[in-house]
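Here is a quick briefing to read with the model open beside you. It starts with a single residue and works outward from there.

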Amino acid sequence: MSLFDQLGGLLGGESAGVSGAVGSLLEQHGGLSGLLEKFNSGGMSELVSSWVGTGSNLPVSAEQIQQLLGGEQLGALAGKFGLDPQQLSQGLADYLPQAVDKLTPDGQLPQGNALLLQGLDMLQGFFNKS
């Protein structure tokens, strides 16, 4: 069980599924920088820059998430975490801008696993407030 799966278990409900899916995406893409590169290569670099930067976060839509991930990957993630694909894409759209913002508090990508653990603590706090 990965750290993200454990985090998802702590949060419960739909939030747990979304956080688990984010964890899976991070693992599949080699961490935060890899996931953000997927967004950049998908034509969403302006969004990513706003999430990482210290200003306001631009929103991403559920449709953009669906286009970026594709139906097969989104369906597999949704099934793994007990959500339907539309529910997951909307949850990711709601969650990712704030999650990336919290994982990059100084406007820069974290380096190494120690910062990943700090990021998990921040994300757990984020979901506990929601």
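L88 counts as buried because its relative accessibility is 0%, where buried means under 20% relative accessible area, exposed over 50% and partly exposed in between (1.4 Å probe, protein chains only). L88 sits in helix α6; helices here are DSSP runs of H or I with at least four residues, strands are E runs of at least two, and both are numbered from the N terminus. This is a predicted model, so local features need pLDDT of at least 70 and side-chain atom pairs count only at pLDDT 80 or more, while totals for chains, interfaces and linings use all residues. Residues are numbered from 1 along each chain as its sequence is written, and side-chain values use heavy atoms, with hydrogens and water left out.

**Helix α6 and the loop after it**

- Leaving out residues up to four places away in sequence, L88 touches V18, A21, L74, L77, A78 and L83, with contact meaning heavy atoms within 4.5 Å.
- One of those partners, A21, is 67 residues from L88 in sequence, yet the two C-alpha atoms are 8.1 Å apart in space.
- S89 belongs to α6 too, which covers residues 85-103, and S89 is buried because its relative accessibility is 0%.
- The side chains of S89 and Q66 share a polar contact of 3.1 Å; such a contact is a pair of N or O atoms within 3.5 Å, and within protein one must be able to donate a hydrogen and the other to accept it, with residues adjacent in sequence counting only if both atoms are side-chain atoms.
- Beyond its neighbours within four places in sequence, S89 is in contact with A62, I65, Q66 and L74.
- L92 is another residue of α6, and its 0% relative accessibility is why L92 counts as buried.
- Setting aside residues up to four places away in sequence, L92 touches V18, V22, L25, I65, L69, L74 and P97.
- From L92 to Q66 the C-alpha distance is 9.8 Å, across 26 residues of sequence.
- T104 is in the loop between α6 and α7 (112-129), and T104 counts as buried because its relative accessibility is 0%.
- A polar atom of the T104 side chain lies 2.7 Å from the backbone oxygen of V100.
- Not counting residues up to four places away in sequence, T104 touches L32, W51, V52, L109 and P110.

**How α3 and α4 pack**

- Two packed helices are described by the angle between their axes and the distance between the axes.
- For helix α3 (residues 32-41) and helix α4 (residues 45-52), the angle is about 145° and the axes are 7 Å apart; axes are lines fitted to C-alpha atoms, for helices over the stretch in contact, and angles run from 0 to 180 degrees between N-to-C directions.
- On the α3 side L36, F39 and N40 take part, and they meet S45, V48, W51 and V52 of α4.
- That contact of α3 with α4 has 5 nonpolar, 2 polar and no charged residues, where Ala, Val, Leu, Ile, Met, Phe, Trp, Tyr, Cys and Pro count as nonpolar, Asp, Glu, Lys and Arg as charged, and the others, Gly among them, as polar.
- Buried residues in α3 are L32, G34, L35, L36 and F39, while in α4 they are L47, V48, S50, W51 and V52.
- The cover over the buried residues of α4 includes α3, α5 (62-80) and α6.
- After α3 comes G43, with a positive phi near 85°.

**The aromatic pair**

- How many aromatic pairs does the structure hold? There is 1.
- The rings of F39 and W51 have centres 5.4 Å apart and planes at 70°, so the pair is edge-to-face; rings of Phe, Tyr and Trp (its six-membered ring) pair if their centres lie within 6.5 Å, with planes under 30 degrees apart counted as stacked, over 60 as edge-to-face and the rest as tilted.
- Because F39 lies in helix α3 and W51 in helix α4, the pair ties together parts 12 residues apart in sequence.
- Both F39 and W51 are buried.

**The whole protein**

- The protein has 7 helices and 0 strands.
- Of its 130 residues, 43% are buried.
- Among contacts between residues at least 6 apart in sequence, 64% join residues at least 24 apart.
- About 6,500 Å² is exposed, and carbon and sulfur atoms supply 49% of it; accessible areas come from the Shrake-Rupley method with a 1.4 Å probe, and for residues only the protein chains shown count as cover.
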